[in-house]
Each structure stands twice: as C-alpha cells, then as structure tokens.
Amino acid sequence: MQRFRPVACFLLAIVLVAGLTACQTPAGRSAGQVLDDATITAKVKAKLLDDPLVSGLAIDVDTFQGEVTLTGVVNSPKARIRAEDLARKTRGVRSVRNLLRIQP
C-alpha cells in the first residue's frame, strides 16, 4: 500500500491541474470573463433594438474583455453616432470600435 501512495498523489495532482486548466478558454479567459462579455453584448444589443433611430437589427455586437465592436449597416450618420453612444453608456464597456457602415 505504501508503494502506491506517491503514484496516487501524482495522479491526483494531474487530475487537479487538468481540471483547473479546463476552466479557461483557449484565449486564457475564465468562464466568468466570458459571461461578463456575453452580458455586455446582450445589454448593448437590447439598447440598439429598443432605439427607434438605430433599429439594431442590422448591427452585430461583439465583446471581448469589455471592448465592444459594432459591425453592420445603419441608415444615417446620426444612427451611427447614436449606436456608438448607446454602446459606450452601457455598464462594463471599456471601449467601442465603431465599424458601422452607412447604407447609401
């Protein structure tokens, strides 16, 4: 029994290390960080859909570490500025990359 104790401890250590590394994404982010970004994305998208000027159906919102990227098309320069403003004012947003195009 004494001979198997070091082997058992080694195997237990491997299982624990494997379990802890499984809690991160390939980008090294925790599940909590991914959830925070998903929450920000949902809040921004809801604001865009609720705003009559923006009409957020044609806008894609992506969030990574609090940085929001807006892509898609809007009808006017005012709508482009409004979409960025709505995103910036959302709790948890650190910065906004506005890649929205104005539809001719």
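Is glutamate 67 buried, partly exposed or exposed? In this predicted model, glutamate 67 is partly exposed, with a relative accessible area of 29%, and its side chain meets that of arginine 97 in a salt bridge with an N to O distance of 3.9 Å. Because arginine 97 belongs to strand 3 (residues 95-102) and glutamate 67 to strand 2, the pair ties together parts of the chain that are 30 residues apart in sequence. Arginine 97 likewise counts as partly exposed, since its relative accessibility is 42%.

To place this pair, it helps to step back to the whole chain. The secondary structure comes to 3 helices and 3 strands, and from the N terminus on these elements run in the order α-α-β-β-α-β. Of the 104 residues, 25% count as buried, while the chain exposes about 7,300 Å², of which carbon and sulfur atoms supply 63%. Where contacts join residues at least 6 apart in sequence, 56% of them join residues at least 24 apart.

The first two strands form a hairpin with 2 residues between them, and in this hairpin glutamine 65 takes a positive phi near 55°. Strand 1 and strand 2 pair in the antiparallel sense over 6 bridges. In a regular strand the side chains alternate between the two faces of the sheet. Strand 1 (residues 59-64) shows such an alternation, for Ile59, Val61 and Thr63 point to one face and are buried, whereas Asp60, Asp62 and Phe64 point to the other face and are not buried.

From strand 1 the reader can cross to strand 2, which spans residues 67-74 and contains threonine 69. Threonine 69 is the bridge partner of aspartate 62, and although aspartate 62 is among the side chains of strand 1 that are not buried, threonine 69 itself counts as buried because its relative accessibility is 13%, which is under the 20% cut-off. Leaving aside residues up to four places away in sequence, threonine 69 touches Asp60, Val61, Asp62, Arg97 and Leu99. One of these contacts, Arg97, is the residue whose side chain forms the salt bridge with glutamate 67, and Arg97 lies in strand 3.

The structure holds 5 salt bridges, and a further one among them joins the side chains of arginine 82 and aspartate 51, at 2.9 Å from N to O. This pair links distant parts of the chain, with arginine 82 in helix 3 (residues 77-88) and aspartate 51 in the loop between helix 2 (31-50) and strand 1, 31 residues apart. The two partners differ in their surroundings: aspartate 51 is buried, with a relative accessible area of 9%, while arginine 82 counts as partly exposed at 31% relative accessibility.

Arginine 82 also has a partner within its own helix, as the side chains of aspartate 85 and arginine 82 meet in a salt bridge of 3.9 Å, N to O. Because aspartate 85 and arginine 82 are 3 residues apart in helix 3, about one helical turn separates them. Aspartate 85 is partly exposed, with a relative accessible area of 26%. Through salt bridges that share partners, Asp51, Arg82, Asp85 and Lys89 are joined into one network.

Key: Residues are numbered from 1 along each chain as its sequence is written. This is a predicted model: local features need pLDDT of at least 70, side-chain atom pairs count only at pLDDT 80 or more; totals for chains, interfaces and linings use all residues. Side-chain values use heavy atoms; hydrogens and water are left out. Helices (H or I, at least four residues) and strands (E, at least two) are DSSP runs, numbered from the N terminus. Buried means under 20% relative accessible area, exposed over 50%, partly exposed in between (1.4 Å probe, protein chains only). Contact means heavy atoms within 4.5 Å. Two strands pair if DSSP finds at least two bridges between them. Accessible areas come from the Shrake-Rupley method with a 1.4 Å probe; for residues, only the protein chains shown count as cover. A salt bridge is a side-chain nitrogen of Lys or Arg within 4 Å of a carboxyl oxygen of Asp or Glu.
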